[in-house]
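Here's a quick briefing to read alongside the model. Have the viewer open while you go through it.

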Amino acid sequence: MRSILVLNAKGGSGKTTVATNLAGYYAAQGAKVALADCDPQGSSIDWLKQRPTSVAPIIAIDAANGPLRVARSVDVLIMDAPSRTHGDALPPLLKRAQTAIVPVVPSPVDIRAAIRFFQELREVRHLVENDVKIATVASRVRDGARTSDDLEDFLMDQKLPSGRRFPFITWLRMSTNYLKAAEKGVSIFEMAPAATAADREYWAPLLKWLASPRSLPEG
Ligand SMILES: Nc1ncnc2c1ncn2[C@@H]1O[C@H](COP(=O)(O)OP(=O)(O)O)[C@@H](O)[C@H]1O
Ligand SMILES: [Mg+2]
């Protein structure tokens, strides 16, 4: 089973948007997908409730109110982490994942919070036995925004104690398509291709990375 965690302690960083769109993407590809909502706010569960029968089904796991138990037949597990997940709460989530994606909004406030969050990830890393691969994506990026360069510089500089980086994978542009998708319970990959082509383009590097061994634990 492929397991992907989306996390960042900062609320509004794009976790649920990334988690639901990834879940929809893999479901549309024909995979048996489970979406585990670990956030008591339940935004991913809400999204699943809106999901129309015309698109591929996704299994809902309300992991904020029960155990994160996954059927053996599931191909892809996407986990949407709660905001304000710090310190000791991080390892149990990271342990469940082969890959973790940290979306960061390119605003000064979000970048400062992300600096602290990456420090926390480094501090708990030794408590996580599995070799979870952590990468970052920039989220809600305005086309042509200047702060994006600052964010890229910052994200490129994030290194693990081993000297390895948290690779920076892509930008996800600010787009009303995500609001429409959230409302309808679909992903942008299940909306009209012509209307979402510009958004999908930014996902391509992330989807490619997730399909490559570079995003998987070694051995
Ligand atoms: N790329 C984007 N373009 C436009 N709106 C976005 C984008 N990503 C997230 N949003 C919106 O920003 C808000 C916060 O995003 P969300 O994914 O819920 O963050 P989190 O789960 O980290 O709290 C939501 O209203 C969401 O629809
Ligand atoms: Mg959320």
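A residue counts as buried if 20 or more other C-beta atoms lie within 10 Å of its own, and as exposed if 12 or fewer do, with C-beta atoms placed from the backbone. By that yardstick, 13 of the 14 residues in α1 are buried. This is a predicted model, where local features need pLDDT of at least 70, side-chain atom pairs count only at pLDDT 80 or more, and totals for chains, interfaces and linings use all residues. Residues are numbered from 1 along each chain as its sequence is written.

**Helix α1**
- Helices are DSSP runs of H or I with at least four residues, and strands are E runs of at least two, numbered from the N terminus.
- α1 covers residues 15–28, and Gly30, which has a positive phi near 100°, follows it.

**Core**
- The largest nonpolar core (buried Ala, Val, Leu, Ile, Met, Phe, Trp, Tyr and Cys residues joined through C-beta atoms within 7 Å) has 59 residues.
- Its largest share, seven residues, comes from α1.
- Leu5, Ala23 and Met79 are among the residues with the most contacts inside this core.

**Ligand 1**
- Of the 17 residues around ligand 1 (C-beta atom, placed from the backbone, within 6 Å of it), Ser13, Lys15, Thr16, Thr17 and Met174 come nearest.
- α1, β6 (133–141) and α6 (176–184) each supply at least two residues of that shell.

**An exposed loop residue**
- Pro67 sits in the loop between β3 (59–62) and β4 (76–80).
- Pro67 is exposed because it has 8 other C-beta atoms within 10 Å.

Methods: Chains lettered and ligands numbered in written order. Expected span 1.5 Å × (residues − 1).
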